[in-house]
Amino acid sequence: MSQRDQQKLFECLVERESERLKRRILHADRAGDDRWRQISFLYRVADGFSRRVFAGSFCHTEMSWTAGCSTGRCCKCRPDVFAYEKQVLDLLPKRIDDSGFCPFFNLAKRTCGVYGVRPFACRIYYNFAAAGYYCQNPNDATMQVFDGVKRHLERILGPYAGGYLP
Ligand code: SF4
Ligand code: SF4
């Protein structure tokens with residue numbers, strides 16, 4: 001199969017998984033009436049999405065599932081957060097500097113310093129193109145995953161609060 005066909009196939013997988021992600025978020029109340037259960041359900045759903053798309057993404061070439069990404073370029077940003085996530089992150093120790101990296105990125109280890117409680121947007125962020133350039137400049141496929149679920153997440157995580165600022 002040519003590289004182009006492989007990329008097409010992968011794009012179909014991402015599209016299918018994005019739809020599945022959206023459907024599961026819409027049914028988050030099946031996890032129970034309790035909001036905390038629903039939040040934990042959302043993060044599990046995001047991690048499931050992540051596991052299924054990882055192998056075909058560019059990230060697969062740059063990172064290991066256990067040690068993280070070797071460059072961490074996508075963490076040179078202010079991560080997208082919802083009101084609930086902002087409240088959680090506000091409580092955690094953070095770095096304040098002018099590196100341009102997320103205040104929770106561990107510059108020495110090149111890993112996320114809040115991995116277990118990282119925002120939903122970080123959990124589903126992957127480079128779905130074929131070059132490192134798109135790590136910091138997400139292509140349409142990457143953008144569409146988050147855009148497709150944003151308003152549904154607000155129901156549980158509270159209003160979208162934009163890029164995190166301490
Ligand atoms: S998007 Fe790029 S920088 Fe971010 S984890 Fe994937 S390969 Fe690494
Ligand atoms: S919260 Fe973690 S994964 Fe998200 S941008 Fe910051 S360091 Fe990266």
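The largest nonpolar core here has 32 residues, and those with the most contacts inside it are Ile25, Leu42, Phe120, Ile124 and Leu153. Two or more residues are given to this core by each of α1 (3-26), α2, β3 (80-82), α4 (83-90), α5 and α7. Helix α2 provides the largest share of the core, six residues. Please keep in mind that this is a predicted model. Below is a friendly tour of the helix packing, the two ligand surroundings and a few individual residues.

**How the helices pack**

- Helices α1 and α2 have axes that come within 10 Å and cross at roughly 170 degrees. Because of that angle, α1 counts as roughly antiparallel to α2.
- On the α1 side, this contact is made by Leu13, Val14, Glu17, Leu21, Arg24 and Ile25, and on the α2 side by Leu42, Val45, Phe49, Arg52 and Val53. Sorted by class, the contact of α1 with α2 has eight nonpolar, no polar and three charged residues.
- Helices α1 and α7 pack with their axes 10 Å apart, at an angle of about 10 degrees. The small value of that angle makes α1 roughly parallel to α7.
- In this second pairing, Glu11, Val14, Ser18, Leu21, Lys22, Ile25 and Leu26 of α1 meet Ala141, Gln144, Val145, Gly148, Val149, His152 and Leu153 of α7. The class count for the contact of α1 with α7 is eight nonpolar, four polar and two charged residues.
- Helix α2 (residues 35-54) also packs with helix α7 (residues 140-157), at an angle of about 145 degrees and with the axes 10 Å apart. Arg35, Gln38, Ile39 and Leu42 of α2 make this contact with Leu153, Ile156 and Leu157 of α7. Those residues divide into five nonpolar, one polar and one charged.

**Leucine 42, a residue of the core**

- Leu42 is among the residues with the most contacts inside the largest nonpolar core. It is part of the contact of α2 with α1, and it also takes part in the contact of α2 with α7.
- Setting aside neighbours within four places in sequence, leucine 42 is in contact with Ile25, Ala28, Phe120, Leu153 and Ile156.

**Around the two ligands**

- Ligand 1 is surrounded by Phe58, Cys59, Glu62, Met63, Cys69, Thr71, Gly72, Arg73, Cys74, Tyr126, Asn127 and Cys135. Its shell comprises seven nonpolar, three polar and two charged residues.
- Ligand 2 has Cys75, Cys77, Pro79, Cys102, Phe104, Phe105, Cys112, Val114, Arg118, Pro119 and Cys122 around it. This shell splits into 10 nonpolar, no polar and one charged residues.

**Tyrosine 126, beside ligand 1**

- Tyr126 is one of the residues surrounding ligand 1, and it is found in the loop between α5 (120-123) and α6 (133-136).
- Tyrosine 126 counts as buried because it has 24 C-beta neighbours inside 10 Å.
- Not counting residues up to four places away in sequence, tyrosine 126 touches Val53, Phe54, Ser57, Cys59 and Thr142. Of these, Cys59 is also among the residues around ligand 1.
- From tyrosine 126 to lysine 150 the C-alpha distance is 16 Å, with their positions 24 residues apart in sequence counted as separation.

**Glycine 158 and tyrosine 160, after α7**

- Glycine 158 is in the loop between α7 and β6, whereas tyrosine 160 lies in strand β6 (residues 160-163).
- Glycine 158 counts as partly exposed because it has 16 C-beta neighbours inside 10 Å. Tyrosine 160 is also partly exposed, with 15 C-beta neighbours inside 10 Å.
- Leaving aside neighbours within four places in sequence, glycine 158 is in contact with Phe82, Ala83 and Tyr84. The C-alpha atoms of glycine 158 and phenylalanine 82 are separated by 5.8 Å, although the two residues are 76 residues apart along the chain.
- With the same neighbours left aside, tyrosine 160 is in contact with Phe82, Lys150 and Glu154. Its C-alpha atom is separated by 29 Å from that of alanine 55, which is 105 residues away along the chain.

**Arginine 110, a backbone detail**

- Arginine 110 lies in the loop between β4 (105-106) and β5 (111-112). Its phi is near 60 degrees, a positive value in a residue other than glycine.
- Arginine 110 counts as partly exposed because 17 other C-beta atoms lie within 10 Å.

Notes
Residues numbered from 1 in each chain as written. Chains lettered and ligands numbered in written order. Predicted model: local features only at pLDDT ≥ 70, side-chain atom pairs only at ≥ 80, totals over all residues. Near = placed C-beta within 6 Å. Nonpolar A, V, L, I, M, F, W, Y, C, P; charged D, E, K, R; others polar. Axes fitted to C-alpha atoms, helices over the stretch in contact; angles between N-to-C directions. Helix = DSSP H or I, 4+ residues; strand = E, 2+ residues; numbered from the N terminus. Contact = placed C-beta atoms within 7 Å. Buried ≥ 20, exposed ≤ 12 C-beta atoms within 10 Å, placed from the backbone. Core = buried A, V, L, I, M, F, W, Y, C linked by C-beta atoms within 7 Å. Parallel < 35°, antiparallel > 145°, perpendicular 65-115°, else oblique.
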